[in-house]
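This report looks at one structure with a bench reader in mind, moving from single residues to a sheet and then to a pocket. Please keep the sequence and the model in view while reading.

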Amino acid sequence: MKILPPALPALFLAAALPSLGLAAERPEGIAAAEAIAKAALGADCDMNGMEEVPMVGPEAEGFGHALYRFTYKPDYDPNGPGVEATLYQLFCGSGAYNIRNAFVLQTSDTDTPKLIAFATPDLAYAYANEENSRLTAEPKINGFRATTLLVNASFNEKTRTITSHAAWRGIGDAWDSGDWVFRNGNFMLTRFEFDPTYGDPDPAVPESYVVYEAGK
């Protein structure tokens with residue numbers, strides 16, 4: 001699993017990112033998307049104090065914003081014109097090994113950008129030892145909650161899927177990961193997997209738990 005680098009000072013990032021293939025100009029709408037995320041998330045989306053966050057590609061390790069455009073046919077008018085969608089992936093900040101992302105979606109049928117809230121399972125589990133290397137039983141889902149921040153997120157343009165992968169500590173032995181697929185104007189949770197155990201792998205303990213998978 002890829003371990004992300006420590007958070008870098010804003011001035012260093014600003015100087016280093018142009019060599020990583022940045023777009024020359026910030027696209028229209030990015031400032032409005034930033035304002036929506038900052039207003040809703042406050043300090044959780046301080047963008048590492050950067051006055052202007054650059055647009056970046058995947059080779060820049062996510063220390064910047066990204067923009068995606070696609071068209072889809074809504075269920076309410078399958079024979080009508082396609083709806084144009086613009087998805088803004090925003091860099092909200094970083095810690096020692098995780099990057100926080102927010103997503104703002106704007107569609108041509110509403111013209112109102114909205115901060116996306118992602119359904120996430122609320123998990124119940126208990127550790128069987130002080131090392132937290134095994135559980136007393138398989139985890140269960142208490143219910144679902146909504147989050148507007150994902151960790152180490154990426155967007156697959158072909159499948160229109162947003163994926164997150166959060167490391168619970170730097171070495172990445174415990175983690176959680178989710179997939180949200182775009183359907184009819186919304187991102188739907190389709191899969192959630194996590195490994196809550198720490199330390200060296202134990203052959204008697206599952207490598208991870210798939211606690212939710214759509215259709216199963």
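Gln89 counts as buried, because its relative accessibility is 8% and buried means under 20% relative accessible area. The model in which this value was computed is a predicted one, and the residue itself lies in strand E2, which covers residues 83-94. What does the side chain of Gln89 reach? The side chain of Gln89 reaches the backbone oxygen of Ala153, at a distance of 3.1 Å.

A second residue, Ile141, has its place in strand E6. With a relative accessible area of 29%, Ile141 is partly exposed, since that class lies between the 20% limit for buried and the 50% limit for exposed. Although Ile141 and Pro121 are 20 residues apart along the chain, their C-alpha atoms are separated by 6.2 Å.

The next topic is the sheet. Five strands, in the order E8-E9-E10-E11-E12, form an open sheet whose pairing is antiparallel. Its edge strands, each of which pairs on one side only, are E8 (154-156) and E12 (209-213), and from one strand to the next the twist averages 20°. Within this order, E9 and E10 run antiparallel and are joined by seven bridges; Thr161, for instance, has Val181 in E10 as its bridge partner.

The last topic is the second largest pocket, which holds about 310 Å³ of space. The pocket is lined by 17 residues, and those closest to its centre are Thr120, Pro121, Arg145, Asp176 and Phe192. The elements that give two or more residues to this lining are tabulated below with their residue ranges.

| Strand lining the second largest pocket | Residues |
|---|---|
| E5 | 118-124 |
| E6 | 140-147 |
| E7 | 150-151 |
| E9 | 161-167 |
| E10 | 175-183 |
| E11 | 186-195 |

Which element gives the largest share of the lining of the second largest pocket? That share comes from E5, which gives four residues. Sorted by class, the lining of the second largest pocket has 11 nonpolar residues, together with three polar and three charged ones.

Read together, the sheet and the pocket share some elements: E9, E10 and E11 belong to the order of the open sheet, and these strands are also among the elements that give two or more residues to the lining of the second largest pocket. Pro121, whose C-alpha atom is 6.2 Å from that of Ile141, is likewise one of the residues closest to the centre of that pocket.

Notes
Residues numbered from 1 in each chain as written. Predicted model: local features only at pLDDT ≥ 70, side-chain atom pairs only at ≥ 80, totals over all residues. Heavy atoms only, no water. 1 Å grid on protein atoms, 1.4 Å probe; cavity = no way out; pocket = protein on both sides within 12 Å on 5 of 7 lines; lining within 4 Å. Points joined across faces, edges and corners; volume = space filled by probe spheres on them. Nonpolar A, V, L, I, M, F, W, Y, C, P; charged D, E, K, R; others polar. Pairing = 2+ DSSP bridges. Axes fitted to C-alpha atoms, helices over the stretch in contact; angles between N-to-C directions. Buried < 20%, exposed > 50% of the residue type's maximum accessible area, 1.4 Å probe, protein only. Polar contact = N/O pair within 3.5 Å; in protein donor to acceptor, adjacent residues only side chain to side chain.
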